[in-house]
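Biologist: I am new to this structure. Please pick out one helix, look at it closely, and then go on to the strands.

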Amino acid sequence: MPELPEVETIRRDLTPLLVGRRVARVRIHAGGERLAVTDPPRTLERRLQGRGVVAIGRQGKYLLLRLDDGLTWVIHLRMTGSIVHALADAPPGRFERARIDLDDGATLRFNDLRKFGTWHLVEDAAEAMPHSGPDALSEAFTPEWLLSRLRGRQTSVKAVLLDQSVCAGVGNIYADEACWIASIDPRTEASRVGLTRAKRLHAAVLETLRASLADRGSSFSDYRDGLGAEGLHHVRVHVFRREGQPCERCGAAILKARVAGRGTHFCPRCQRK
Ligand SMILES: [Zn+2]
């Protein structure tokens, strides 16, 4: 699933191509109807037609297209979604669910193998993302905030990191990477993490997100940037999907276990409970 670095890469790619442009036409293809959450597909197509894009924001894993009528087009890519800028005559991909024609003759293609992606058209973006807390790269995400969310929780550190109300934008890849960087076992009970380790974990979250962003994200499976290319970070991860391979820090074999309902990768020797 695209996480913060991937969605931010798309935002940066699309901003110069989209801001100031107008939506000439939107077509949600047969089979892609589930995209449209706030309106039936034909209504949503009609409401978006003719709208200008004023800015593109991001909150966690949500892309926020601010439109010239004051509404926000909130896009979530979920498991396998991508949104790619392409020429009008580029052939549709196998999993193209929608096509947006722009007033300059270019297009955006929304591709989504699993069809969990969503579009909301709303007055207040918060309506579309009711559980979203501070974005992990925002100033509101501080060590003190993280500590306050770990405190008293009878769950794992991994589960807290995955909680979008705690640090929006962190998902399975970067939660595992952050725990490795901070030398914390992801199975550690959250309430056992004190200020020193919370600070280390906070710094580790920022470190892994920024490193991936510099690499334009990770393409373990379907992720593509706003121009259709893969990210580069998946070959530089420390633990994610490296089970059985040696830990870069201590040489022990990376383990995979189920934590917080997700496949979780960690070093059993140098990541401490
Ligand atoms: Zn290790």
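**Helix and hairpins**

Modeller: Just after helix H6 comes Arg-216, which has a positive phi near 65°. This is a predicted model, in which local features need pLDDT of at least 70 and side-chain atom pairs count only at pLDDT 80 or more, while totals for chains, interfaces and linings use all residues. Residues are numbered from 1 along each chain as its sequence is written, and side-chain values use heavy atoms, with hydrogens and water left out.

H6 covers residues 195-214, 20 residues in total. Helices (H or I, at least four residues) and strands (E, at least two) are DSSP runs, numbered from the N terminus. From the first C-alpha of H6 to its last is 28 Å, close to the 28 Å expected at 1.5 Å a residue; the expected span is 1.5 Å times one less than the number of residues.

Buried residues of H6 include Arg-197, Ala-198, Leu-201, His-202, Val-205 and Leu-209, where buried means under 20% relative accessible area with a 1.4 Å probe and protein chains only. Others on the buried list are Ala-204, Leu-206, Thr-208, Ser-212 and Leu-213. An α-helix has 3.6 residues a turn, so residues three or four places apart point the same way. The cover over the buried residues of H6 includes helices H1 (4-18), H3 (143-150), H4 (157-162) and H5 (172-181), with contact taken as heavy atoms within 4.5 Å.

Now the strands. Strand S3 (residues 62-67) is mostly covered, with five of its six residues buried. Strand S2 (residues 53-59) pairs with S3 in the antiparallel sense over six bridges; two strands pair if DSSP finds at least two bridges between them. Within that pairing, Ile-56 has Leu-65 of S3 as its bridge partner. The hairpin of S2 and S3 has two residues between the strands, and Gly-60 in the turn has a positive phi of about 60°.

S3 also pairs with strand S4 (residues 72-76), again antiparallel, over five bridges. Here Arg-66 stands opposite Thr-72 in S4. Four residues lie between S3 and S4 in their hairpin, where Gly-70 in the turn has a positive phi of about 90°.

Further along the chain, strands S9 (residues 255-259) and S10 (residues 262-266) pair in the antiparallel sense over five bridges. Val-259 has Arg-262 in S10 as its bridge partner. Their hairpin has two residues between the strands, and Ala-260 takes a positive phi near 55°.

Notes
Buried < 20%, exposed > 50% of the residue type's maximum accessible area, 1.4 Å probe, protein only.
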